[in-house]
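User: I should like to go through the reasoning behind the structural labels assigned to this model. Please set each value against its criterion.

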Amino acid sequence: MSEIASPLDAVGFLTRSENRVHALNYLADNPADRNELAATIGISRVTAQRILDDFARHGWVSADGHTYRATQIGSIVSEEFGSLIDVVETSQRLAAIVPWFPDEFDVDLCRLLDSTVTLPTHGDPLAPLRHSAKLMRSAQTVRGMGAGIAPDALAASHDAVVTDGQSFEVVFSDEVLHVIASDARMSQLLREMLDAGATVYSHEDVLHLTGEFDGEVVFVGVADESGIPRGGVESRDEAVLNWFGTTFERYRDEAERVDSAQFKP
């Protein structure tokens, strides 16, 4: 017979122990006896039995002999609590980059709770840029804006356009195109991309690194005042896709199209 506890008491009971969280998650997918649960979670058999008895009092598990399994209610609690943890984790990661979001990013942040947030680390300070490059390499259609590009990223885009026939439409900042034009190798790569059908525009000031891939996913990269990457958000949310479409088209309409003749050796 389950005991009725207040919602906050039930949540507090579960969250006060990671062992309880792990145990309920395990039992939601795997019926187990006390010994198996103890070995799986890495706790003593006494602790495992106490957790099982507590779960039974809450109505989260039922016993068939020595085997315990999550009840339907226990499975719901496990799933929904996991969703809450995911939301909190994403919110924490978003909090690290929201201060760097462009002012024109006017999408409700709630629309980003299902997004993938990539942050730089000491071991991989360019992780956001590399995540964006991965999305770009695997796409058939790319639209984007960039206030910077590395030679290897341009080389990867070149191969995707020239070799694989990728549709490529990007607005670069004037400064980026000046850097490309000043470098013989990068200039050749962009020239060959333009000759292969890529469409490139020049704008005096664009967002740091923002792209749409196959019309299904948007990546918004952010940087600090020095241009150092601070993170990026990958989203498939309709509001984010709509924001990108409107923003990209505005920058594109303000920009000037470039051609391969501007990058002759």
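**From values to labels**

Analyst: In this predicted model, β8 is largely enclosed by the rest of the structure, because five of its five residues are buried.

User: Which residues point each way from β8?

Analyst: L209, G211 and F213 point one way, T210 and E212 point the other way, and all are buried.

User: What makes β5 and β9 partners of β8?

Analyst: Two strands count as paired if there are at least two bridges between them. β5 and β8 are joined by five bridges in the antiparallel sense, and β8 and β9 likewise pair in the antiparallel sense over five bridges. Both pairings therefore satisfy the criterion of at least two bridges. Within them, G144 has G211 of β8 as its bridge partner, and L209 stands opposite G221 in β9. In the hairpin of β8 and β9, three residues lie between the strands, and D214 takes a positive phi near 55°.

User: Why is G146 called buried?

Analyst: G146 has a relative accessible area of 3%. The label requires a value under 20%, so G146 is buried. This residue belongs to strand β5. Leaving aside residues up to four places away in sequence, G146 touches V171, F172, S173, V176, V206, L207 and H208.

User: How do you know that the span of α10 agrees with the expected one?

Analyst: Helix α10 covers residues 238–254, 17 residues in number, and reaches 25 Å from its first C-alpha to its last. The expected value at 1.5 Å a residue is 24 Å, and the span is close to it.

User: What caps the N-terminal end of α10?

Analyst: D237 does so, with a side-chain oxygen 2.8 Å from the backbone nitrogen of A239. A polar contact requires N or O atoms within 3.5 Å, and the D237 to A239 distance therefore falls inside that limit.

User: Which strands do the buried residues of α10 pack against?

Analyst: They pack against β5, β6, β7, β8, β9 and β10. Among these buried residues are V240, L241, W243 and Y251.

User: Why is the pair of F244 and F248 called stacked?

Analyst: The structure holds six aromatic pairs. F244 and F248 form one that is 5.6 Å centre to centre, with 15° between the planes. Rings pair if their centres lie within 6.5 Å, and planes under 30 degrees apart count as stacked; both conditions are met, so the label applies. Because F244 and F248 are four residues apart in helix α10, about one helical turn separates them. Both are buried.

User: What makes the pair of F101 and F105 edge-to-face?

Analyst: Their ring centres are 5.0 Å apart and their planes stand at 80°. An angle over 60 degrees counts as edge-to-face, so the pair receives that label. F101 and F105 are both buried. Elsewhere, ring pairs link F13, F55 and W60 into a cluster.

User: Why are β1 and β2 called edge strands?

Analyst: The open sheet of three strands has the order β1-β3-β2, with antiparallel pairing. β1 (32–33) and β2 (61–64) each pair on one side only, which is what the term edge denotes here. β2 and β3 (residues 67–70) pair in the antiparallel sense over four bridges, and at least two are required, so they qualify as paired. D64 has T67 of β3 as its bridge partner. Helix α2 (residues 18–29) lies across β1, β2 and β3, running at about 95° to β3.

Key
Residues numbered from 1 in each chain as written. Predicted model: local features only at pLDDT ≥ 70, side-chain atom pairs only at ≥ 80, totals over all residues. Heavy atoms only, no water. Expected span 1.5 Å × (residues − 1). Buried < 20%, exposed > 50% of the residue type's maximum accessible area, 1.4 Å probe, protein only. Contact = heavy atoms within 4.5 Å. Polar contact = N/O pair within 3.5 Å; in protein donor to acceptor, adjacent residues only side chain to side chain. Axes fitted to C-alpha atoms, helices over the stretch in contact; angles between N-to-C directions.
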